[in-house]
Amino acid sequence: MHCPKCAIDINDDSPQCPKCGFTIDELDPVFGTPPERKGLIRDDAKVISPEGEPRLAERLQAFQQKTGSELLLITRETSAPRLPSEFVFWLFNRWRVGGEKHSGMLLLLSMSERRIEVEVGVDLERFVSDEAASNILQFHSVPFFKKGKFEDGLYHGIDILARVVETGLQEGKK
């Protein structure tokens with residue numbers, strides 16, 4: 001993972017940013033108790049319809065079955081009092097997405113801030129960096145969001161991120 005303040009790598013082995021001194025523990029008093037992890041999707045912002053959720057869940061499950069890695073989705077009304085990038089970083093670590101190897105991704109849609117953020121675990125960064133993942137979301141999700149089509153935007157962003165990792169793993173087996 002990258003420090004949300006200065007983008008230097010930090011993880012369980014190096015939990016303190018060597019540049020700015022940030023530690024994930026600094027965010028605990030700000031955010032409090034993490035929301036309960038409920039399967040692959042947690043729709044706190046209520047932007048996913050009952051009809052649309054199965055489509056998203058099926059894609060997330062297919063990714064997990066193909067790769068052994070996790071891809072989770074959370075929607076929130078707000079990440080306040082901090083930035084969405086800090087919230088997704090904090091929650092990724094508190095939920096332990098991808099287990100000890102950090103073999104996972106957590107996607108956050110924060111409605112008030114009008115932001116979509118992704119935290120890519122260190123094990124998957126060989127296939128998709130945080131920057132590349134953010135660019136994927138900007139090009140494949142945001143156009144749908146601008147039209148109010150949140151489910152479609154989430155699905156397309158998730159699908160492209162999943163395909164990048166799946167393809168990387170497949171090519172690594174050749």
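**Strand pairing, crossovers and helix α3**

Strands β1 and β2 pair in the parallel sense, over three bridges. The chain passes from β1 to β2 through helix α2, residues 53-67, and this β-α-β crossover is left-handed. In this pairing, Arg42 stands opposite Ile74 in β2. The model described here is predicted.

Strand β2 also pairs with β3. This pairing is parallel too and runs over seven bridges. Within it, Thr75 stands opposite Leu109 in β3. The unit formed by β2, α3 and β3 is a right-handed β-α-β unit. The two crossovers thus differ in hand: the one through α2 is left-handed, whereas the one with α3 is right-handed. Six of the seven residues of β2 are buried, so this strand is largely enclosed by the rest of the structure.

Helix α3 covers residues 84-95. Its length was checked against expectation. At 1.5 Å a residue, its twelve residues should span 16 Å, and the C-alpha atoms at its ends are 16 Å apart, so the two values agree. The helix is mostly covered, with ten of its twelve residues buried. Aromatic names recur in the buried set, which includes Phe87, Phe89, Trp90, Phe92 and Trp95. Also buried are Pro84, Glu86, Val88, Leu91 and Asn93. The cover over these residues includes α1 (28-31) and the strands β1 (41-43), β2 (70-76), β3 (104-110) and β4 (115-120). Thus β2 and β3, the strands of the right-handed unit, are among the elements that cover the buried residues of α3. Directly after the helix comes Arg96, with a positive phi near 55°.

The loops hold further backbone features. Pro81 lies in the loop between β2 and α3. The peptide bond leading to Pro81 from Ala80 is cis, with omega near 15°. Two other loops each contain a residue with positive phi. Lys46 is in the loop between β1 and α2. Its phi is near 55°, a positive value in a residue other than glycine. His102 is found in the loop between α3 and β3. Its phi is also positive, about 55°, although His102 is not a glycine.

The surroundings of these two residues contrast. Lys46 has a relative accessible area of 69%; the cut-off for exposure is over 50%, so Lys46 is exposed. His102 has a relative accessible area of 7%; the cut-off for burial is under 20%, so His102 is buried.

How values were computed: Residues are numbered from 1 along each chain as its sequence is written. This is a predicted model: local features need pLDDT of at least 70, side-chain atom pairs count only at pLDDT 80 or more; totals for chains, interfaces and linings use all residues. Side-chain values use heavy atoms; hydrogens and water are left out. Helices (H or I, at least four residues) and strands (E, at least two) are DSSP runs, numbered from the N terminus. The expected span of a helix is 1.5 Å times one less than its number of residues. Buried means under 20% relative accessible area, exposed over 50%, partly exposed in between (1.4 Å probe, protein chains only). Contact means heavy atoms within 4.5 Å. Two strands pair if DSSP finds at least two bridges between them. A crossover is right-handed if, with the strands pointing away from the viewer, the path from the first strand over the helix to the second runs clockwise.
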